[in-house]
Amino acid sequence: MNARRETLLWLAQRASAAVLALCVVVHLATMIYAIQGGLSAAEILGRTRGNVGWLAFYTTFVLAIAVHAPIGLRPVLGEWLGWRGASRDAALSALALVLAALGMRAVLGVFT
Amino acid sequence: MRGHTGYWAFIVHRVSGVLLVLFLPGHFIALGSALEGAAEFDAFLEWTRMPAVKFAEWGIVVLLAAHLAGGLRVLALEFLPWRDWQKTLAALAAAVSLAVGLAFALALVR
């Protein structure tokens, strides 16, 4: 176990958590507001298309998730599945990239 | 520590986190369908009107609220000095999740 790496991961997890706490509060409030009367593409895209504020918000949200989710999954894989070592970290790095790529595709999907 | 309030808070936080990670790729792919045009996106939204999907959607919102509240609890425990408040924090986390769950359920059926 590399102490420096563990400390960095711990720090990245708390920093991303703090960012996500704000993002999730906004996301929950938006959902509770927007779901009323059902959702339509016109309604969602009307809010997000060409809106730089939402673009910045969702980009921040997605990137924080791409950092937070793989680090959070790391001890779960270690403690519940006994999966540790370089293969676990490689898989989690891949997960971070997949979440960032799919997430940014979604962000661009509702912005453009 | 099993059976302790802190243990249950830990389990809820971990399980909700894992379920959210499993949900996210599908969520992103669905939103990405907007790239293929509003009609494609509307076809997906039509699917979300099924009662079972609405119920699952409500469940994932509650999980998100629970993970948020549980995460704030962890941050408070680690960064703030008042550790006697552990059980109060867990109760607060549960209350926040419940409140969000009720608000979303009400909005969903409106």
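These exercises, each with a worked solution, deal with a predicted model of two chains, A and B.

**Exercise 1. The contact between the chains**

Task: Find how many residues each chain gives to the contact, and which elements of chain A take part.

Solution.
- Step 1. Count by chain. Chain A gives 30 residues to the contact, and chain B gives 30 residues.
- Step 2. Look for elements of chain A that give two or more residues to the side touching chain B. They are α1 (3-34), α2 (41-48), α3 (52-81) and α4 (86-111).
- Step 3. Sort the residues on the side of chain A that touches chain B. There are 21 nonpolar, seven polar and two charged residues.

**Exercise 2. The largest nonpolar core**

Task: Say which residues of the largest nonpolar core touch the most other members, and which helix supplies the largest share.

Solution.
- Step 1. Take the core as a whole. It has 36 residues, and A:I65 and B:A65 touch the most other members.
- Step 2. List the suppliers of at least two residues of this core. From chain A they are α1, α2, α3 and α4. From chain B they are α1 (5-32), α3 (51-79) and α4 (86-109).
- Step 3. Pick out the largest share. It comes from α3(A), with eight residues.
- Step 4. Turn to A:I65. Leave aside its neighbours within four places in sequence. A:I65 is then in contact with A:L20, A:L99, A:G103 and B:L24.
- Step 5. Recall a general tendency. In soluble globular proteins, nonpolar side chains tend to be buried together.

**Exercise 3. Two helices within chain B**

Task: Describe how α1(B) and α3(B) pack.

Solution.
- Step 1. Read the geometry. The axes of α1(B) and α3(B) are 9 Å apart, and the angle is about 130°.
- Step 2. Classify the angle. Roughly parallel needs an angle under 35 degrees, and roughly antiparallel one over 145. Roughly perpendicular covers 65 to 115. The pair α1(B) and α3(B) is therefore oblique.
- Step 3. Give the hand. The crossing of α1(B) and α3(B) is left-handed.
- Step 4. Name the residues that meet. α1(B) brings B:A9, B:V12, B:H13, B:S16, B:G17, B:L19, B:L20 and B:F23. α3(B) brings B:I60, B:L63, B:L64, B:A66, B:H67, B:G70, B:G71 and B:R73.
- Step 5. Sort the residues of the contact of α1(B) with α3(B). Nine are nonpolar, six are polar and one is charged.

**Exercise 4. A crossing between the chains**

Task: Work out how α3(A) lies against α1(B), and which residues meet.

Solution.
- Step 1. Start with the axes. Those of α3(A) and α1(B) come within 10 Å and cross at roughly 130°.
- Step 2. Classify. This angle makes α3(A) oblique to α1(B).
- Step 3. Give the hand. The crossing of α3(A) and α1(B) is left-handed.
- Step 4. List the partners. A:I65, A:A69, A:G72, A:L73 and A:V76 of α3(A) meet B:R14, B:G17, B:V18, B:V21 and B:L24 of α1(B).
- Step 5. Sort the residues of the contact of α3(A) with α1(B). Seven are nonpolar, two are polar and one is charged.

**Exercise 5. A second pair across the chains**

Task: Do the same for α1(A) and α4(B).

Solution.
- Step 1. Read the geometry. α1(A) and α4(B) pack at about 30°, with axes 8 Å apart.
- Step 2. Classify. An angle under 35 degrees counts as roughly parallel. So α1(A) is roughly parallel to α4(B).
- Step 3. Name the residues. A:L28, A:M31 and A:I32 of α1(A) touch B:V100, B:A103, B:F104 and B:A107 of α4(B).
- Step 4. Sort the residues of the contact of α1(A) with α4(B). Seven are nonpolar, with no polar and no charged ones.

**Exercise 6. Buried or partly exposed?**

Task: Place A:G72, A:L92 and B:V74 in the right class.

Solution.
- Step 1. Recall the cut-offs. Buried needs 20 or more other C-beta atoms within 10 Å, exposed means 12 or fewer, and partly exposed lies in between.
- Step 2. Take A:G72, in helix α3 of chain A. A:G72 has 21 C-beta neighbours inside 10 Å, so it is buried. Not counting residues up to four places away in sequence, A:G72 touches A:Q13 and B:G17.
- Step 3. Take A:L92, in helix α4 of chain A. A:L92 has 18 C-beta neighbours inside 10 Å, so it is partly exposed. Not counting residues up to four places away in sequence, A:L92 touches A:P70, A:L73 and A:R74.
- Step 4. Take B:V74, in helix α3 of chain B. B:V74 has 17 other C-beta atoms within 10 Å, so it is partly exposed.

Technical notes:
Residues are numbered from 1 along each chain as its sequence is written. Chains are lettered from A and ligands numbered from 1 in the order in which they are written. This is a predicted model: local features need pLDDT of at least 70, side-chain atom pairs count only at pLDDT 80 or more; totals for chains, interfaces and linings use all residues. Two residues are in contact if their C-beta atoms, placed from the backbone, lie within 7 Å. Helices (H or I, at least four residues) and strands (E, at least two) are DSSP runs, numbered from the N terminus. Ala, Val, Leu, Ile, Met, Phe, Trp, Tyr, Cys and Pro count as nonpolar, Asp, Glu, Lys and Arg as charged, and the others, Gly among them, as polar. A nonpolar core is a set of buried Ala, Val, Leu, Ile, Met, Phe, Trp, Tyr and Cys residues joined through C-beta atoms within 7 Å. Axes are lines fitted to C-alpha atoms, for helices over the stretch in contact, and angles run from 0 to 180 degrees between N-to-C directions. A crossing is left-handed if the near helix is turned anticlockwise from the far one by less than a right angle, and right-handed if clockwise.
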